[in-house]
Amino acid sequence: MTTPREIVIIGAGPNALVAAFYLAKAGLKPLVLEQRDSVGGCAITAEFHPGFRSSILAHAAGPLLPHIAADMQLTRHGLEMMEPGVRLAAVHPDGRGFALYSDAQRSIESLRRLSPADAEGYTRLCGALERAASVTAPLLSLTPPDIEALGENLPDIWKFLHTGRSFRKLGRKEMFQLLRWPPMAVADLVSEFFETELVRAAIAARAIFGTAAGPWSAGTAATLLLRAAADPHPAGPSAVPKGGMGALTAAMAAAAREAGAEIRTGAAVAQILVREGAAAGVALTTGEEIAAKSVVSSADPKRTFQRLVDPVHLEPFFLQQIHNYRSLGNVAKINLALGALPEFPALRAPDGCGIAPSAVLVGRLHIGHEIDYLERAFDASKYGDISPEPILEVAVPSLLDPALAPAGKHVMSVYAQFAPYKLKEGESWEKFGKREELLRTVIKTLAVHAPKLRDLIEAVQTITPLDLERDYGLTGGHIFHGELTLDQLFTMRPVLDAARYRAPIPGLYLCGSGTHPGTGITGASGANAAREILRDRK
Ligand SMILES: Cc1cc2nc3c(=O)[nH]c(=O)nc-3n(C[C@H](O)[C@H](O)[C@H](O)COP(=O)(O)OP(=O)(O)OC[C@H]3O[C@@H](n4cnc5c(N)ncnc54)[C@H](O)[C@@H]3O)c2cc1C
């Protein structure tokens, strides 16, 4: 081995790149090792059919926390965010629909056509989520406190007290509401604001995205609150990078490099080396060993502790906790190359969204028209089946960014839920023709709303949870590196004994989505981990 590096970071997804930037800024010259041929993790753009480029996996960001984007000067590094007016539209098979815009008034007008009561409910929900976010947003950038040594962590306690003060400022009624919500089923929560099933389902879908939960599962309101902490708009964020999600991580990589980080792609870590009880570096699959004073893993917790660390270095109880950590994925991704923009009659119809599909599909389209539809979609996955009528989130990024497809043609990016990693026939998506079944089911579900879609498809790319594990390193194919449920959040993410970005091995840290807050591409896990590493260095 050569002279030890200060820091080696495993993976080059969004969180690793954010961590690398802050650590490099502090002068530690981290070396980032990515197993794939390009940086970006799940935030990448690639050509999946000649002339057609798409955000291959995630097509929207958490959003990235503004202070992180500002610190990294991502605009200077080439990032251009595009903001469509429509955030989310939803359509019913009976032809009704509505759109939620960034502009609250336009959203209210759209909802009023469905139900005046829901237009009023929307105003109430916007207010409630904004007030909740005024308390919860600071928690995203907080290190969960060490519950066994509260007195030794004064900076964390101080920040908590600050959060407590914001909480008290809410007043009795709002305080009660915020305490009451997290354990609730999101289906109950949305029914307190809306009477129309289509509206209830579209908002509830945000809470269950990427989780093994249906809208009637207890605690799903907590996930909605967690997401609202990053963006309190009921429909979530809509801004997308020009050039797809890969443009975001390319800008992050440029910022990290400029700050002093070195990034190597095609460098798969096979083992985290532990010497004399402390992290000592990594060994690559090629046999190369790289010595380092600290190792930071952005790989998911199961991958880190069950595959990269020799279990002899971990306590049986800790290994048991990691074993019990739930990270079985349920989301598949379909990318379609289309000869033209499909017509969605419900978008144009006066009873639907009442505007041209091209004006709606710049945002995201939700398919799943009632709470029971969402719940039935989840039911199938519990028994290892692909939902016969999956919940879909559809985006056509080439509308805002025509360079992604040949002139006049389009790319359509579709999240499909539920597609369980663990199929009842076994774990092989290939063996049982399940990949084809999934694609057929998704196209059939889309065709209910866009009857001529099939004729426009020039090529498809189907990415199953098994592909997410094999090709992108997500254990169990879980898109958030583990379930975002109350028992796996905050001081319990990923597990009690590693919730402060520190592994139980000195010098080994976690910085990926399997740590707090872990919800999508906010950059918070990476920034929080870097702060803790620098704290230890002091
Ligand atoms: C289909 C899909 C849809 C999504 N939709 C959204 C969305 O709409 N909004 C949102 O905010 N988020 C979304 N996400 C989640 C989001 O992409 C992740 O939360 C985010 O990418 C996590 O970033 P990360 O850096 O922690 O990990 P990742 O992005 O997973 O990056 C981890 C990196 O580590 C690398 N790695 C793993 N093991 C090794 C090893 N042994 N050696 C070297 N490198 C290794 C991997 O190759 C990967 O590049 C989606 C994800 C998927 C898959």
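Two exercises with worked solutions follow, one on enclosed space and one on a helix pair.

The model is predicted, so that local features need pLDDT of at least 70 and side-chain atom pairs count only at pLDDT 80 or more, while totals for chains, interfaces and linings use all residues. Residues are numbered from 1 along each chain as its sequence is written, and side-chain values use heavy atoms, without hydrogens and water.

**Exercise 1.** Determine what lines the second largest cavity.

Solution. Begin with the term: on a 1 Å grid over the protein atoms alone, a cavity is a set of points where a 1.4 Å probe fits but cannot get out, and lining residues have an atom within 4 Å of a point. The volume, which is the space filled by probe spheres set on the points, with grid points joined across faces, edges and corners, is about 70 Å³ for this cavity. Next, list the lining, which consists of Ser55, His59, Met82, Val240, Pro241, Gly244, Pro397, Leu400, Asp401 and Leu404. Finally, sort these residues, with Ala, Val, Leu, Ile, Met, Phe, Trp, Tyr, Cys and Pro as nonpolar, Asp, Glu, Lys and Arg as charged, and the others, Gly among them, as polar; the result is six nonpolar, three polar and one charged.

**Exercise 2.** Identify the residues through which H11 and H12 make their contact.

Solution. Locate the helices (DSSP runs of H or I, at least four residues, numbered from the N terminus) at residues 301–308 for H11 and 316–324 for H12. Then take contact as heavy atoms within 4.5 Å, which yields Pro301, Lys302, Phe305 and Gln306 of H11 with Phe318, Leu319, Ile322, His323 and Asn324 of H12. These contact residues divide into five nonpolar, three polar and one charged.

Definitions and conventions:
1 Å grid on protein atoms, 1.4 Å probe; cavity = no way out; pocket = protein on both sides within 12 Å on 5 of 7 lines; lining within 4 Å. Helix = DSSP H or I, 4+ residues; strand = E, 2+ residues; numbered from the N terminus.
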